[in-house]
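Here are my notes on the model you sent, set out as numbered points. Please read them alongside the sequence and the coordinates.

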Amino acid sequence: MNTKRLVILGSTGSIGRQTLDVVREQRDRFDVIGLAAGRNATLLEEQAREFKPRLIWSSREESRSALESAGARARWTPLDEQAADTDADLVVVGTVGAAGLMPTLAALRAGKAVVLANKEVLVMAGALVTATAKQGGGELLPVDSEHSAMWQCLWGEERSAISRIILTASGGAFRDYTLEQLENVTPDEALNHPTWKMGRKITVDSATLMNKGFEAIETRWLFDVPLDRIDIVMHRESIVHSLVEFVDGSVKAQLGEPDMRLPIQVALCYPERVAGPTMKPFDLVRMGELHFEAPQMRKFPALGIALKAGLQGGTYPAVLAGADEAAVGHFLAGHLRFTEIPVLLEEALTAHHSSADTDLEAILEADAWARAFADDWVKVRPADA
Ligand code: MG
């Protein structure tokens, strides 16, 4: 068996930590050669001591010498360089928000397989990222549970045989709240996801349903299926992770316990299937019932806003992603109400003039514009908003 050499960007985040859990269970299959993280230098140092990478980086420059010596006399190497390192076989992009874009492009240009957990990358720059993969010979391996499900349903199938993709959604923390209750929800309540343990930003995005809008756009780019052939269905148990309907009317689904280690392992081990992470046995009888319903578009306007931006294309999705990242930050800091998030996003998209170009410069400009718009909006919004 060939050992795969891994670079893990965002190693102290939720995806990074669970990726390392999978590596621990499959020690002989993987060699961690690079780790990069943001501010949690303490955890990164522990990871470096355990996995002995030769490339390391943290946004805490002051921890540099401790981190270098904790690794295998590791070399201080920023994300983009780790992503393109000649020795890397797989680059796990587990960063959050816009931070993942440049390293993903660098890895794809260098012909790497990118295990992409950072969905904003495809939302803001789907055309550019997929074109870069084609040119550079790189490959995108989905790790989001829904996209892993679609991908597994498509193994051995022709893309031209897809008639529709059905993306399932848990509904997030507030699926059973009324519109009135939503007015006063707190960040702590939004961070309490009913079925998935994830990072803070994505958990808030799940509560607004923005996450599902992002995932629809991500689906469009990963599988080259137009947005109008992607349906969204609420499924509160998070057992059916998504479905693909084919031209003959046959429908395939992928099911499993909601545990991110499974889709992570599927991507890391692809194209092999190996004995899985330890989790409770899959038991349909114990589950008893599975529920499906239409998404509540009126209660969660962010979903419709995201789908519209996806259909408009151009730099609108980059504005959507940038404004959302800023808005979620303001919400978590207590500077924005939950129900103001979609209002802010709608106004940002209305005020934006999309550039016809979707090259890197145009995307970064749209992203910066959107963040500035969100910051201003929070400062000067009408008192009754
Ligand atoms: Mg998901």
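1. Which residue takes a positive phi just after α10? In this predicted model, the residue concerned is leucine 209, whose phi is about 75°. Leucine 209 is found in the loop between α10 (200–208) and α11 (210–223), and at 2% relative accessibility it counts as buried.

2. The helix that precedes this residue deserves a look of its own, for α10 is mostly covered, with seven of its nine residues buried. The buried residues of α10 are Lys201, Thr203, Val204, Asp205, Ser206, Ala207 and Thr208, and what covers them includes α6 (120–136), α9 (187–190), α11, α14 (301–312), α15 and α16 (340–351).

3. A second positive phi, of about 50°, is found at lysine 52, which is not a glycine either. Lysine 52 lies in the loop between α2 (41–51) and β3 (55–58), and with a relative accessible area of 42% it is partly exposed, whereas leucine 209 is buried.

4. On the metal site, the protein donors of the magnesium ion are Asp144 (OD), Glu146 (OE) and Glu215 (OE), which lie 2.1 to 2.4 Å from the ion. Along the sequence these donor residues follow the spacing D-x1-E-x68-E. Both aspartate 144 and glutamate 146 are buried, and glutamate 215, which lies in helix α11, is likewise buried, with a relative accessible area of 1%.

5. The surroundings of glutamate 215 may be checked directly: leaving aside neighbours within four places in sequence, this residue is in contact with Lys119, Asp144, Glu146, His147 and Leu167, and two of these, Asp144 and Glu146, are themselves donors of the magnesium ion. As for a residue further along the chain, the C-alpha atoms of glutamate 215 and glutamine 296, which are 81 residues apart in sequence, are separated by 16 Å.

6. The largest nonpolar core has 116 residues, and those with the most contacts inside it are Val129, Phe174, Leu268, Leu320 and Leu344. Helix α15 (residues 316–332) gives the most to this core, contributing ten residues, and the core draws at least three residues from each of domain 1 (4–143) and domain 2 (147–257 + 292–312). In soluble globular proteins, nonpolar side chains tend to be buried together.

7. Leucine 320, one of the core residues with the most contacts, can serve as an example of the packing. Apart from neighbours within four places in sequence, leucine 320 is in contact with Val123, Met210, Phe214, Ile217, Ile305, Ala306, Ala309, Leu345 and Leu349.

8. Turning to the sheet, seven strands form an open sheet with parallel pairing, in the order β4-β3-β2-β1-β5-β6-β7. At its edges stand β4 (75–76) and β7 (139–142), each of which has a single partner strand, so that one side of each is left without a neighbour in the sheet. Within the sheet, β1 (residues 4–9) and β5 (residues 90–93) pair in the parallel sense over four bridges, and the bridge partner of leucine 9 in β5 is valine 93.

9. Finally, one peptide bond should be inspected in the coordinates: tyrosine 270 and proline 271 are joined by a cis peptide bond, with omega about 5°. Proline 271 has its place in the loop between α12 (261–269) and α13 (284–287).

Note on methods: Residues are numbered from 1 along each chain as its sequence is written. This is a predicted model: local features need pLDDT of at least 70, side-chain atom pairs count only at pLDDT 80 or more; totals for chains, interfaces and linings use all residues. Side-chain values use heavy atoms; hydrogens and water are left out. Donors are N, O and S atoms within 2.8 Å of the metal (3.2 Å for Na, K and Ca); water is not among the atoms, so sites may look incomplete. Buried means under 20% relative accessible area, exposed over 50%, partly exposed in between (1.4 Å probe, protein chains only). A nonpolar core is a set of buried Ala, Val, Leu, Ile, Met, Phe, Trp, Tyr and Cys residues joined through side-chain atoms within 4.5 Å. Helices (H or I, at least four residues) and strands (E, at least two) are DSSP runs, numbered from the N terminus. Domain bounds come from an automatic or database domain assignment. Contact means heavy atoms within 4.5 Å. Two strands pair if DSSP finds at least two bridges between them.
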